[in-house]
Amino acid sequence: MAIRKSTKLSQTAVLKQILKRCSSLGKKQGYHDHEGLPLDVPKGHFVVYVGENRSRYIVPISFLTRPEFQNLLQQAEEEFGFDHDMGLTIPCQEEVFQSLTSMLR
């Protein structure tokens with residue numbers, strides 16, 4: 001019996017891909033900050049878009065290690081994938097997102 005290798009990426013690899021994707025979006029959209037992010041995004045943070053209106057939120061990178069936020073990222077990957085030019089979009093209602101992120105701070 002052969003052992004099948006998992007095709008899923010490790011959690012660390014997925015988080016690195018997300019961060020790389022977030023920072024490369026700024027370059028594609030013409031931001032000139034040396035890190036490729038809009039000037040209003042402080043170091044150690046990244047942008048996500050939430051809800052039907054795609055409201056923009058700036059969240060700390062430390063959220064990426066929290067299981068609650070990782071669940072949102074899994075939902076985002078399933079619904080939208082991470083390889084698109086629309087930014088990291090979280091598929092939940094803004095009120096739910098705000099409630100969750102207020103508990104994580």
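A polar contact is taken here as a pair of N or O atoms within 3.5 Å, one able to donate a hydrogen and the other to accept it. In the predicted model, the side chains of T89 and R54 meet this criterion, at 3.4 Å. T89 belongs to strand β3, which spans residues 89–90. Since buried status requires a relative accessible area under 20%, T89, at 5%, is classed as buried. R54 takes part in a further interaction: its charged end is placed over the ring of Y49, at 4.5 Å from the ring centre.

Aromatic contacts were examined across the whole structure, and four aromatic pairs were found. One of them joins F46 and F69 in an edge-to-face arrangement, with 6.2 Å between the centres and 80 degrees between the planes. This pair connects distant parts of the chain, as F46 lies in strand β1 (residues 45–50) and F69 in helix α2 (residues 67–79), 23 residues apart. Both partners are removed from the surface: F46 counts as buried because its relative accessibility is 2%, and F69 is likewise buried, with a value of 0%. Through ring pairs, F46, Y57, F63, F69 and F97 are linked into a cluster.

Two members of that cluster recur in the nonpolar interior. The largest nonpolar core comprises 18 residues, within which V48, V59, F69, I90 and F97 have the most contacts. Two or more residues are given to this core by each of β1, β2 (55–60), α2 and α3 (94–104), and α2 supplies the largest share, namely four residues. The surroundings of V59 illustrate how the core is assembled: beyond residues up to four places away in sequence, V59 touches G44, H45, F46, V48, F69 and F97.

Helix α3 presents two distinct sides. Its residues F97, L100, T101 and L104 are buried. These residues lie on the same side of α3 because they cover an arc of only 95 degrees around the axis. Such an arrangement follows from helix geometry: an α-helix has 3.6 residues a turn, so residues three or four places apart point the same way. On the other side of α3, E95 and M103 are exposed. The packing partners of the buried residues of α3 are β1, β2, α2 and β3. F97 thus appears in several of these descriptions, as a buried residue of α3, as a member of the ring cluster and as one of the core residues with the most contacts.

Conventions. Residues are numbered from 1 along each chain as its sequence is written. This is a predicted model: local features need pLDDT of at least 70, side-chain atom pairs count only at pLDDT 80 or more; totals for chains, interfaces and linings use all residues. Side-chain values use heavy atoms; hydrogens and water are left out. Rings of Phe, Tyr and Trp (its six-membered ring) pair if their centres lie within 6.5 Å; planes under 30 degrees apart count as stacked, over 60 as edge-to-face and the rest as tilted. Buried means under 20% relative accessible area, exposed over 50%, partly exposed in between (1.4 Å probe, protein chains only). A charge sits over a ring if NZ of Lys or CZ of Arg is within 6 Å of the ring centre and within 35 degrees of the ring normal. A nonpolar core is a set of buried Ala, Val, Leu, Ile, Met, Phe, Trp, Tyr and Cys residues joined through side-chain atoms within 4.5 Å. Contact means heavy atoms within 4.5 Å. The arc is that of the directions from the helix axis to the C-beta atoms.
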